[in-house]
Amino acid sequence: MRSRTAGLALAAAAGAAQAAEPPVVTSITWVVSNTMAVPDGDRMRRPADELTQWLQGRLPGVVFKPVVANAERSWSLIREHKRACHAGAARTPERERLAYFTNTWLVPPPQLIVRHERQGDLPLDGQGAVDLPALLGDASLRGVVSQGRSYGPALDAMLGASPANPLLQRVFGGDYGSNLLPMLMQDRADYTLDYPNTLVALASRPAADTPLAALPVKGASDPVISGVACPRTPWGRAAIHLIDMALGTPEGAAMLRDTLRISLPSDTQLAYRDAWDAFFKLRARPTPGL
């Protein structure tokens, strides 16, 4: 009887050990939200594609299947525990309850992008920053933002607390808002929120006449951490571990810093140099606990 009991105990222990083994990750639905091209010297580069290709080269046993999706679709896949990872998601407390993250970029906060002729109508503080809550309550200016997209904790809170304004459109798109700046340029809206790199990409287009300006938003000056997000499942933890180990090297950190560099104006690069030094020093190593 004793030997039988011991045998059952060993079998149970073996089963538990086998159940505890992380899933094998063989393919990832790789959700990309930003496919913009930016100039680097005499050539155009696509940072999102470069991240995908770099990871594919370091993880040959994993097939990356890129899919372009907007915020709603991206996070639906995460919530539904699909075997999908979001390639460039802003980190927020709400999202961290849904997904495992590994950091990729430290980006300047979104700014208010406005048509030049409407700048004089904006509510500004003494430093020239936009009072966004006041603007959102203005019934004379037409705003547009991406439905379901995170603009970072500070701006998300302002948008969430704003009263309903029929002149603020929340629109869907195929990605994270590449249709919004054209709406401003076509005079279908007066302002939107976006990162500084969008104007860099827009200015690179042939014969682009950019009647737009970017202004800081009061109370939203902290940079935003962006990362890869995978669902909070055993598969998601295994996937994020593989991705984090690949990125957590000096080569990975250098690649990420370079793709961020080409996406931002030179004055912004200079302003964030010290913060980037600290951020990418940490990124050059695997993330503890992942």
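**Notebook: fold, disulfide and selected residues**

I began with the surface: the protein exposes about 14200 Å², and carbon and sulfur atoms supply 55% of it. I note that accessible areas come from the Shrake-Rupley method with a 1.4 Å probe, and that for residues only the protein chains shown count as cover.

I record that this is a predicted model, in which local features need pLDDT of at least 70 and side-chain atom pairs count only at pLDDT 80 or more, while totals for chains, interfaces and linings use all residues. Residues are numbered from 1 along each chain as its sequence is written, and side-chain values use heavy atoms, with hydrogens and water left out.

**Entry 1. Overall composition**

I looked up the secondary structure and found 12 helices and 12 strands. Both are DSSP runs numbered from the N terminus: helices are H or I with at least four residues, strands are E with at least two. I then checked burial: of the 290 residues, 46% count as buried. The cut-offs are under 20% relative accessible area for buried, over 50% for exposed, and partly exposed in between (1.4 Å probe, protein chains only).

For contacts (heavy atoms within 4.5 Å), I took those with a separation of 6 or more; residues 24 or more positions apart account for 78% of them.

**Entry 2. The disulfide**

I searched for disulfides, defined as pairs of cysteine sulfur atoms within 2.5 Å. The count comes to 1 disulfide. It joins cysteine 85 to cysteine 230, with an S to S distance of 2.1 Å. Cysteine 85 lies in strand 5 and cysteine 230 in strand 12 (residues 224-231), so the pair ties together parts that are 145 residues apart in sequence. The torsion about the S-S bond is about 110 degrees, so I entered the disulfide as right-handed. Cysteine 85 and cysteine 230 are both buried.

**Entry 3. Valine 31 and asparagine 70**

I next looked at valine 31, which is found in strand 1 (residues 27-32). Valine 31 is buried, with a relative accessible area of 2%. Leaving aside neighbours within four places in sequence, I listed the contacts of valine 31 as Val67, Ala69, Ser74, Leu77, Ala84, Cys85, His86 and Ala87. The disulfide-bonded cysteine 85 is thus one of the residues in contact with valine 31. I also noted that the C-alpha atoms of valine 31 and alanine 71 are separated by 9.9 Å, with the two positions 40 residues apart along the chain.

Asparagine 70 lies in the loop between strand 4 (63-68) and helix 3. Its relative accessibility is 13%, so asparagine 70 counts as buried. From asparagine 70 to valine 32 I read 8.4 Å, C-alpha to C-alpha, for a pair 38 residues apart in sequence.

**Entry 4. Helix 2 against helix 9**

I examined how helix 2 (residues 47-58) and helix 9 (residues 234-247) are placed: their axes come within 10 Å and cross at roughly 95 degrees. That makes helix 2 roughly perpendicular to helix 9. Here axes are lines fitted to C-alpha atoms, for helices over the stretch in contact, and angles run from 0 to 180 degrees between N-to-C directions. Roughly perpendicular covers 65 to 115 degrees; under 35 counts as roughly parallel, over 145 as roughly antiparallel, and the rest as oblique.

Leu51, Trp54, Leu55 and Arg58 in helix 2 meet Ile243, Ala246 and Leu247 in helix 9. By class, I recorded 6 nonpolar, no polar and 1 charged residues in this contact. The classes are Ala, Val, Leu, Ile, Met, Phe, Trp, Tyr, Cys and Pro as nonpolar, Asp, Glu, Lys and Arg as charged, and the others, Gly among them, as polar.

Glutamate 50 is also found in helix 2. Not counting residues up to four places away in sequence, glutamate 50 touches Arg45 and Thr259. The C-alpha atoms of glutamate 50 and threonine 259 are separated by 7.8 Å, although the two are 209 residues apart along the chain.

**Entry 5. Loop residues**

I checked backbone torsions, given that most residues other than glycine have a negative phi. Histidine 81 has a positive phi, near 60 degrees. It lies in the loop between helix 3 (71-79) and strand 5 (84-90), and histidine 81 is partly exposed at 49% relative accessible area.

Aspartate 187, likewise not a glycine, has a positive phi of about 60 degrees. I located aspartate 187 in the loop between helix 7 (180-185) and strand 10 (191-194); its relative accessible area of 39% makes it partly exposed.

Lastly, I placed glycine 137 in the loop between helix 5 (132-136) and strand 8 (143-146). Glycine 137 is exposed, with a relative accessible area of 51%. Glycine 137 and alanine 164 are 8.2 Å apart, C-alpha to C-alpha, and 27 residues apart in sequence.
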